[in-house]
Structures are given as structure tokens and as C-alpha cells.
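Student: I have a two-chain model open on my screen and would like to talk it through with you. Could you take a look with me?

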Amino acid sequence: MELIVSLSIFVIVMALVMSEVVNRTIAAMAGACVILLLGIMTFDQALSYIDFNTLGVLVGMMIIVGIVKNTGIFEYLAIYASKKVKGDPWKIILSLSIITAVTSAFLDNVTTVLLIVPMTFVITDTLNLEPLPFLIPEIMASNMGGTATLIGDPPNIMIGSATNLGFLDFIMNLGPIIAIVFAVTFLIFKVLFRKQLVLSPEREREILQFDEKKAIKDPVLLKKSLIVLGIVILGFSFHEQLNYPSALVALSGAALLLLLSRESIDEVFSNVEWPTLFFFGSLFILVGALEKVGLINDLASILVALTKDNLLLTGIILIWFSALASSVLDNIPFVATLIPLIKAIGANSGMDITPLWWAISLGACLGGNGTLIGASANVIVAGLAEKHGHRLTFRKYLKYGLPLMLLSIFLSSIYLIVFYLI
Amino acid sequence: MNNLSANLAEVDMQLTQMGAKVTNLHGLVSFIHFNLDQIELFYVYNINSKNQYFLQMVKPFSTGAGVFSKPQDIVQYIKDDLKQFKNASNSNVFPEFTSVNQALCSTIQSVKDVFMTYNVPQDKMLQIKGKIDEISALLDDIRHTSAVL
């Protein structure tokens with residue numbers, strides 16, 4: 001009975017989240033409260049299922065970016081990059097996409113696109129070029145960059161938190177394939193967009209008139225922010241050796257930057273996305289309920305029986321299933337559900353499940369590139385583009401996103417097979 | 001961070017490149033609407049994290065009311081304004097009053113546009129000033145010769 005109730009509540013919440021009939025945080029919170037009110041688990045049990053490490057990383061990085069963005073560094077980088085390549089449109093696309101990917105490796109994808117896309121509009125308006133050939137690569141770069149590190153995308157934060165995989169593990173295992181996927185994708189973009197990037201010399205001169213130094217609003221704050229960011233990255237790199245959870249690194253960095261910057265706490269905390277945090281917390285309770293009633297363990301047993309303990313088959317199924325699901329569904333609830341499932345597979349089969357984490361990470365993160373609704377960052381960019389008078393439709397994005405996503409998963413599958421699954 | 005902050009960033013970047021020093025503060029905006037018998041009053045005020053209050057009247061004519069440092073000051077200003085408008089609505093020239101004020105606001109904008117666009121001769125500028133002095137003198141005369149409402 002408890003199993004049927006928990007599963008029904010989970011399915012209803014997911015349906016509401018996917019259909020966007022109700023705000024996802026409201027749907028998840030309501031579902032979690034119903035679980036508790038029906039006594040499927042106690043309040044203390046619910047708290048035990050909440051991954052506070054994931055929440056801590058998210059809060060810490062939100063606070064840090066809330067301060068760093070005030071320095072004007074992102075505007076500086078966008079102008080500097082555009083001038084450095086002498087206004088060449090293709091090179092600007094590549095530069096901005098590299099900035100997006102690297103930023104996205106450390107900040108969440110939505111924040112990254114909210115920082116980069118406005119700069120992109122100013123640049124494309126100045127160059128009098130259609131912005132979509134700039135935005136579509138940036139969308140894909142944000143999802144790719146986020147795949148490469150522990151903290152780049154919420155699925156990776158959740159996976160890292162649930163396993164012993166650290167910051168350097170993600171970089172060393174996923175960094176190489178992400179670099180390859182990025183290079184191949186952008187070679188293809190260069191061919192696809194070459195005819196849309198014709199620029200007049202006058203417009204090129206205009207972009208060279210920009211002064212990147214004017215973009216820095218607070219040089220002192222910038223220096224402090226870069227020092228703290230450096231310490232935080234070092235902290236993430238060695239957090240396993242130091243035996244510090246990743247949340248402690250992020251929150252300590254946030255506390256240090258708050259102390260050094262003397263920014264108003266109210267202003268900084270207004271950048272913390274509380275709805276996102278409550279969504280995560282509620283989701284952990286919903287998935288925890290499925291674990292508690294034994295559903296996750298049952299599913300894991302079925303999967304082990306179907307794949308006959310075959311790591312290669314399990315890995316390939318997982319990466320493709322994750323990618324295709326993630327291209328249309330929100331990858332956070334999907335990964336939150338898969339994590340206990342994979343752990344149960346490991347317990348039931350005795351397989352080394354480490355490659356399966358890489359499979360889920362690559363599938364869930366890169367899968368978001370498949371459609372316009374595959375990732376929150378995609379939707380945000382489409383919204384900003386529409387407001388700017390340029391419609392990025394589902395169909396238009398699909399022409400580029402789906403084939404390139406399928407290619408990235410194909411390359412990732414080969415990578416996994418060669419290095420991990422056989 | 002959200003779409004609003006992204007739009008803000010786009011505007012700020014362009015203004016900064018134009019040479020502006022741009023400061024962003026978090027704040028709240030309130031819209032205040034009074035529906036009196038003969039007239040609608042519409043104000044907007046903005047409170048920011050530096051505890052500054054910017055009040056502006058939007059209807060029946062647009063005018064900046066000022067910067068305040070205490071919430072009671074805004075309330076008192078609007079209270080006084082409301083009392084004056086209620087009093088004034090008893091006057092038999094009240095409809096003309098609102099159209100005169102709207103015309104004045106429009107004229108201020110025209111003066112700015114003309115001055116910013118054309119090379120205005122000194123004598124024309126003095127003529128405009130003369131007309132304004134005439135209006136001020138007329139208002140003084142009204143103050144001294146008319147009964148209080």
C-alpha cells in the first residue's frame with residue numbers, strides 16, 4: 001500500500017513538474033508534505049534523505065557568484081575576447097562559448113547563460129548580426145562545460161555527494177571526452193553558420209571601440225573575488241584528501257568572500273535561488289520515500305536480471321536512456337531517482353559501478369542539449385532571445401541540438417566502452 | 001539571478017560603454033492609485049536598500065516629487081497632496097488646472113528638445129524666460145488677490 005501511494009505521489013508530482021502546470025518547487029513541496037502527512041516516513045527520516053551536501057554546494061556557489069557578478073568581470077571578458085579576435089564573428093562565437101563552458105564548469109548553467117547572453121546581445125547588436133548563431137552554441141557550451149566538473153551541473157553535484165567521487169575525479173574522467181565533444185561540435189557549427197556571419201568593416205571597427213576596462217565596476221572587489229575563487233577551486237581539487245565535503249568548501253568560500261567584500265548580506269542573499277533549493281530538498285524526500293518502500297531496490301534487481309550483470313550493456317543502456325530522457329525531461333529528478341538505483345545495482349550485482357556514474361553524468365548532462373526544453377538554461381536563453389525580438393523556436397533549436405546531442409552521446413559511448421566498460 | 005537581472009546587465013553594459021557610472025541596488029516599487037470624484041491620482045515610489053525613497057506623481061501629470069529618507073515623509077507628502085487635490089476639485093476651473101499642468105509638462109519637454117536640437121539665439125532664449133517670468137508674476141497676483149479654497 002505504501003509503495004503504491006509513494007509511487008502515485010511521485011508520478012503525479014513529476015507529471016506536474018514536466019507539464020509546467022504548477023511551478024516545480026510548489027509541486028515537489030506539496031508532494032513531500034503529503035508523503036509526510038500520510039506517515040509514509042517520519043520527519044526525521046525525511047531529513048535523513050535530504051542531501052545537505054548538494055544544497056550546501058548550491059548555496060555556497062550562489063552566494064559567491066552573487067558577489068562576483070558585481071565586479072563586471074563577465075562583461076570585461078566578453079569585450080576583451082571580442083576585441084582580441086578583432087571582431088571576427090566566428091571567433092567571437094568560439095570565444096564566448098569557451099567562456100561559457102569554463103564558467104559553466106564552476107557555476108550552474110542557468111547563472112552562466114544569464115551572465116553571458118546579455119553581453120552577447122550587445123555584441124551582436126553592435127555587429128548588426130543575427131544573435132541565434134551565437135546563442136545556440138552558447139547553450140550547448142553551457143551544458144558541456146557543466147558536465148566536466150563536480151560542481152558544474154546539479155546532477156554531478158548529486159552524484160559526487162552520493163559517491164566517493166571528487167572534483168578531480170570528474171575532471172580527469174569526463175574532462176577529456178568533453179573537450180573532444182566540444183571541439184567536434186564547434187567544428188560542425190563553423191560549417192553550419194559560416195554563411196550567416198558576414199560582417200561589414202564599419203561594424204568591426206565599432207566593436208573595437210569598446211573599452212573593456214570600463215566594464216570593471218570594482219577592481220578591489222574583483223581582486224578579492226579572484227583570490228577567493230582560486231582558493232575555492234583549490235579546495236574542490238583537494239577536498240577528498242582534506243576530508244572536507246564539497247559543501248564545506250563552497251560555504252567556506254562564500255563566508256570568506258562575504259567577509260572580504262563587505263557587500264550587503266541582503267543584496268547578496270537575494271541572489272540565492274530559494275525555490276531551487278526547496279525543489280531539491282523536496283525531491284530528495286520524494287525519492288527517499290521510493291527508497292524506503294523498497295521500490296528502488298526492486299527496480300535495481302529487475303535491471304540486474306535484464307542486463308545479466310553485464311557492465312558494458314548496463315553502461316550503454318544507462319547513457320542512452322539518460323540522454324534521451326534528459327533531452328525532454330528535467331534531469332534533476334531523473335538523476336535523483338537513478339542514484340539509489342545504481343547503488344542498489346552495485347549492491348545486488350557486485351559490479352564496479354564507477355563507470356555507470358560517468359554514464360549517467362554524460363547522458364543526463366549532455367542530453368540536455370537535445371531539445372529546447374532539455375535544460376533550464378536552454379529555456380532561459382530562448383526567453384531572453386524572444387524578449388530581444390529573435391524567436392528561438394523548438395523546431396529551430398531541434399535542427400541543431402538533436403543531431404549534435406546524439407553525436408556527443410555516440411562519442412561518449414565510444415569513450416566509455418574503450419576506457420571503462422570493457 | 002533571473003531574466004530581469006539579465007536585461008539589467010544588457011542595459012548597464014551599453015550605458016557603461018557610453019561612459020556612465022552605473023550603480024545597481026535592489027529595491028521595491030509600489031504603485032499608488034487614488035480615485036477621487038473628479039480626478040485620478042497615480043504615484044509610483046521606489047525604496048532601495050540604501051533606504052532612499054523616490055516618489056513620482058504619474059497622473060494627472062508627471063512630476064518628480066522628490067527623494068525622501070523616511071517612510072513617514074512619503075506618506076505625509078501624499079497626504080498633503082491628496083488634501084490639496086480634494087480642495088482644488090471644488091474649484092470651478094479644476095478641469096482647466098489639470099490641462100494647464102499637462103501643457104506645462106509638455107512645454108518643459110519641448111524647451112529641452114528645442115534647446116538640445118537647435119542653436120537657439122540669445123534673444124529667443126530671453127523671450128522664453130520672459131514668458132515664464134510673466135506666468136510667475138500672474139501666479140503671484142492670483143495668490144495676493146484670490147480667496148483661499
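Tutor: Happy to! Let's begin with a term: two strands pair if DSSP finds at least two bridges between them. Keep in mind that this is a predicted model.

Student: With that in hand, how many residues lie between strand 3 and strand 4 of chain B in their hairpin?
Tutor: Strand 3 and strand 4 of chain B are joined by 5 bridges and run antiparallel. One pair to look for is B:Gln56, which stands opposite B:Gly64 in strand 4. The number of residues between these two strands in their hairpin is 3.

Student: What is the order of the strands in the open sheet of chain B?
Tutor: Follow the pairings across the sheet. Strand 1 and strand 2 (residues 40-48) of chain B pair in the antiparallel sense over 9 bridges, with B:Val44 as the bridge partner of B:Phe31. Strand 2 is then joined to strand 3 (residues 53-59) by 6 bridges, again antiparallel, and B:Tyr45 stands opposite B:Leu55 there. With strand 4 included, the order is 1-2-3-4.

Student: Which strands of chain B stand at the edges of that sheet?
Tutor: The twist averages 20° from one strand to the next. An edge strand has a single partner, so one of its sides is left without a neighbour in the sheet. In chain B that describes strand 1 (27-35) and strand 4 (63-68).

Student: Which residue takes a positive phi in the hairpin of strand 2 and strand 3 of chain B?
Tutor: This hairpin has 4 residues between its strands. The phi to look for is near 60°, and the residue that takes it is B:Asn51.

Student: Now for chain A. How many helices and how many strands are there?
Tutor: Chain B gave us a sheet of 4 strands, but chain A needs its own count. For chain A the count is 23 helices and 0 strands.

Student: What radius of gyration does chain A have, and why does it agree with a compact globule?
Tutor: The C-alpha trace of chain A spans about 70 × 45 × 45 Å along its principal axes. A compact globule of 422 residues would have a radius of gyration near 22 Å, so the value for chain A agrees: 22 Å.

Student: What share of the contacts in chain A with a separation of 6 or more comes from residues 24 or more positions apart?
Tutor: Take A:Val381 as an example. Leaving aside its neighbours within four places in sequence, A:Val381 is in contact with A:Val113, A:Val117, A:Leu135, A:Ile139 and A:Leu392. For chain A, the share from residues 24 or more positions apart is 81%.

Student: Which helix of chain A gives the most to the largest nonpolar core?
Tutor: In soluble globular proteins, nonpolar side chains tend to be buried together. Here 51% of the residues of chain A count as buried. The largest nonpolar core has 139 residues, of which A:Leu286, A:Ile360 and A:Val381 touch the most other members. Giving the most to this core, with 11 residues, is helix 7.

Student: And which helix gives the most to the side of chain A that touches chain B?
Tutor: At this interface, 19 residues of chain A are in contact with 12 residues of chain B. Helix 7 (109-127), helix 12 (212-215), helix 16 (265-269) and helix 22 (376-387) each supply at least two residues of that side of chain A. That side divides into 9 nonpolar, 5 polar and 5 charged residues. With 7 residues, the one that gives the most is helix 7.

Definitions and conventions. Residues numbered from 1 in each chain as written. Chains lettered and ligands numbered in written order. Predicted model: local features only at pLDDT ≥ 70, side-chain atom pairs only at ≥ 80, totals over all residues. Contact = placed C-beta atoms within 7 Å. Nonpolar A, V, L, I, M, F, W, Y, C, P; charged D, E, K, R; others polar. Axes fitted to C-alpha atoms, helices over the stretch in contact; angles between N-to-C directions. Rg over C-alpha atoms; globule rule 2.2 N^0.38 Å. Buried ≥ 20, exposed ≤ 12 C-beta atoms within 10 Å, placed from the backbone. Core = buried A, V, L, I, M, F, W, Y, C linked by C-beta atoms within 7 Å.
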